[in-house]
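Q: I've got this model open at the bench and I'd like to go through one part of it properly. Could you pick the story up from there and take your time?

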Amino acid sequence: MTLRDAADYIMKLPKAEQDLEEWQAAVEALLLVVELNGPTMMARIGILRALNRNVERVFNTDRKDTHWGKRKVKRDQ
């Protein structure tokens, strides 16, 4: 996806969705990249955050514990 593709995608969104805070931030990031030769990663992050704005991240407590969480300190032995 190019910056032009991202801009075209945003312009094709309904006006109500374009006015959402997440899409406005994505547009600002795109403009930063295009006008000021800013880092393209910022535009990518802005687009991805806007696309995933309704996704709720849930912490998975069933994951395996890490090995360093069970390390014993010499004084505890």
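The part I'd like a close look at is helix H4 (40-51).

A: Sure, with some ground rules to start. This is a predicted model, where local features need pLDDT of at least 70 and side-chain atom pairs count only at pLDDT 80 or more, while totals for chains, interfaces and linings use all residues. Residues are numbered from 1 along each chain as its sequence is written, and side-chain values use heavy atoms, with hydrogens and water left out.

The setting is simple: four helices and zero strands, running α-α-α-α along the sequence. Here helices are DSSP runs (H or I, at least four residues) and strands are runs of E (at least two), numbered from the N terminus.

On to H4 itself. It has 12 residues and reaches 17 Å from its first C-alpha to its last, close to the expected 16 Å; that expected span is 1.5 Å times one less than the number of residues.

Now, which way do its residues face? Ala-43, Gly-46, Ile-47 and Ala-50 are buried, meaning under 20% relative accessible area, whereas exposed means over 50% and partly exposed is in between (1.4 Å probe, protein chains only). Those buried residues are on the same side of H4 because they cover an arc of only 95° around the axis. The arc is taken from the directions from the helix axis to the C-beta atoms. Turn to the other side of H4 and you'll find Arg-44 and Arg-49, both exposed.

What does the buried side sit against? The buried residues of H4 pack against helix H1 (3-12) and H3, going by contacts (heavy atoms within 4.5 Å). Leu-3, in H1, gives you a view of this corner. Beyond its neighbours within four places in sequence, Leu-3 touches Leu-30, Val-33, Val-34 and Ala-43. The C-alpha atoms of Leu-3 and Leu-30 are 7.2 Å apart, although 27 residues separate them along the chain. Even so, Leu-3 is partly exposed, at 32% relative accessible area.

H4 also has a greasy side to show. Leu-32, Leu-36, Met-41, Met-42 and Ile-45 form a nonpolar surface patch with about 480 Å² of accessible area together. H3 (21-36) and H4 each give two or more residues to that patch, and H4 has the largest share, with three. Ile-45 is in H4 and counts as partly exposed because its relative accessibility is 39%. Patch residues have over 30% relative accessible area and no salt bridge; like charges are joined within 9 Å, and nonpolar side chains (Val, Leu, Ile, Met, Phe, Trp, Tyr) within 5 Å. The areas come from the Shrake-Rupley method with a 1.4 Å probe, and for residues only the protein chains shown count as cover.

Finally, look just past the end of the helix. Glu-17 makes a salt bridge with Arg-53, with the closest N and O atoms 2.8 Å apart. Glu-17 is in helix H2 (residues 15-18) and Arg-53 in the segment after H4, so the pair ties together parts that are 36 residues apart in sequence. A salt bridge here is a side-chain nitrogen of Lys or Arg within 4 Å of a carboxyl oxygen of Asp or Glu. Both partners are partly exposed: Glu-17 has a relative accessible area of 23%, and Arg-53 has 26%.
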